[in-house]
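Here is a short briefing on one chain, for reading beside its coordinates. Topics are grouped under plain headings.

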Amino acid sequence: MAVTFETDPLKRLSQSNFIQHLHIRPYRNKDGNIVLELKVDEHVLNLNDTLHGGVHATLLDTVIGQSIAQQALSPVATINLSVFYSAPARKNSVLTAEAKIVNQGNSIATGEGIITDENGTLIAKAVGSFKILHKKSSR
């Protein structure tokens, strides 16, 4: 049985146990772009009581990849992700991750993502390249 691609990114992300486990809340902004929100709590802190770097990477990988998937109407796989950490995110911070597509070809796309806190402070940013896999729609 062929796996079909869910074209609605909010439905796609709601089906991810990992996204649910991290308590990441996906939504669309006024322009229809995917945004991820995370309230930093105990379960995502590192030993320094700040957000674990792997969670930064997850937010950025997901928001960039799903932004590309939404544009391409196709599942994607990460080829490369470079994360730049700018400031610590502390407990009870509310983080927002957003992305923009820099370049999209037939099989590879590149995007940039940022994470900011509720005060607009840049927490982290990333550049990622993604393989566009196939185009089977569930429409």
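Glu112 and Lys100 join their side chains in a salt bridge, with N and O 3.8 Å apart. That distance falls inside the cut-off, because a salt bridge calls for a side-chain nitrogen of Lys or Arg within 4 Å of a carboxyl oxygen of Asp or Glu. The model is predicted. Four salt bridges are present in the structure.

**The Glu112–Lys100 pair**
- Glu112 sits in strand S5 (residues 108-116) and Lys100 in strand S4 (residues 94-104), so the salt bridge ties together parts twelve residues apart in sequence.
- Glu112 is partly exposed, at a relative accessible area of 33%.
- Lys100 is exposed, at 53%; the class follows because exposed means over 50% relative accessible area.

**Salt bridges that involve S1**
- Arg25 and Glu37 meet through their side chains in a salt bridge, at 3.3 Å from N to O.
- Arg25 belongs to strand S1 and Glu37 to strand S2 (residues 34-39), so this pair also ties together parts that are twelve residues apart in sequence.
- Arg25 is partly exposed, with a relative accessible area of 41%.
- Glu37 is partly exposed as well, with a value of 23%.
- Asp8 forms a salt bridge with Arg28, and the closest N and O atoms are 3.4 Å apart.
- This pair links distant parts of the chain: Asp8 is in the segment before helix H1 (9-14), while Arg28 is in strand S1 (residues 25-28), 20 residues apart.
- Asp8 has 22% relative accessibility and counts as partly exposed.
- Arg28 is partly exposed too, with a relative accessible area of 36%.

**The S1–S2 hairpin**
- How do S1 and S2 run, parallel or antiparallel? They run antiparallel, and four bridges join them.
- Pro26 stands opposite Leu36 in S2.
- Five residues lie between the two strands of this hairpin. Gly32 takes a positive phi there, near 90°.

**The largest nonpolar core**
- The largest nonpolar core has 32 residues. Which of them touch the most other members? Leu36, Leu51 and Ile115 do.
- Two or more residues of this core come from each of these elements: helix H2 (17-22), S2, helix H3 (53-72), S4, S5 and strand S6 (122-132).
- H3 gives the largest share, eight residues.
- Ile115 touches ten residues' worth of the listed surroundings, among them His56, Leu59 and Leu60.
- Its other partners include Leu95, Thr96, Ala97, Thr121, Leu122, Ile123 and Ala124; residues up to four places away in sequence are not counted.

**Ala109 in S5**
- Ala109 lies in strand S5.
- Is Ala109 buried or exposed? Ala109 is buried, at 1% relative accessibility; the class follows because buried means under 20%.
- Ala109 and Ile68 are 41 residues apart in sequence, yet their C-alpha atoms are 7.0 Å apart in space.
- Ile68 is also in contact with Ala109.
- Other contacts of Ala109 are Asn103, Gln104, Gly128, Ser129, Phe130 and Ile132, leaving aside neighbours within four places in sequence.

Methods: Residues are numbered from 1 along each chain as its sequence is written. This is a predicted model: local features need pLDDT of at least 70, side-chain atom pairs count only at pLDDT 80 or more; totals for chains, interfaces and linings use all residues. Side-chain values use heavy atoms; hydrogens and water are left out. Buried means under 20% relative accessible area, exposed over 50%, partly exposed in between (1.4 Å probe, protein chains only). Contact means heavy atoms within 4.5 Å. A nonpolar core is a set of buried Ala, Val, Leu, Ile, Met, Phe, Trp, Tyr and Cys residues joined through side-chain atoms within 4.5 Å. Two strands pair if DSSP finds at least two bridges between them.
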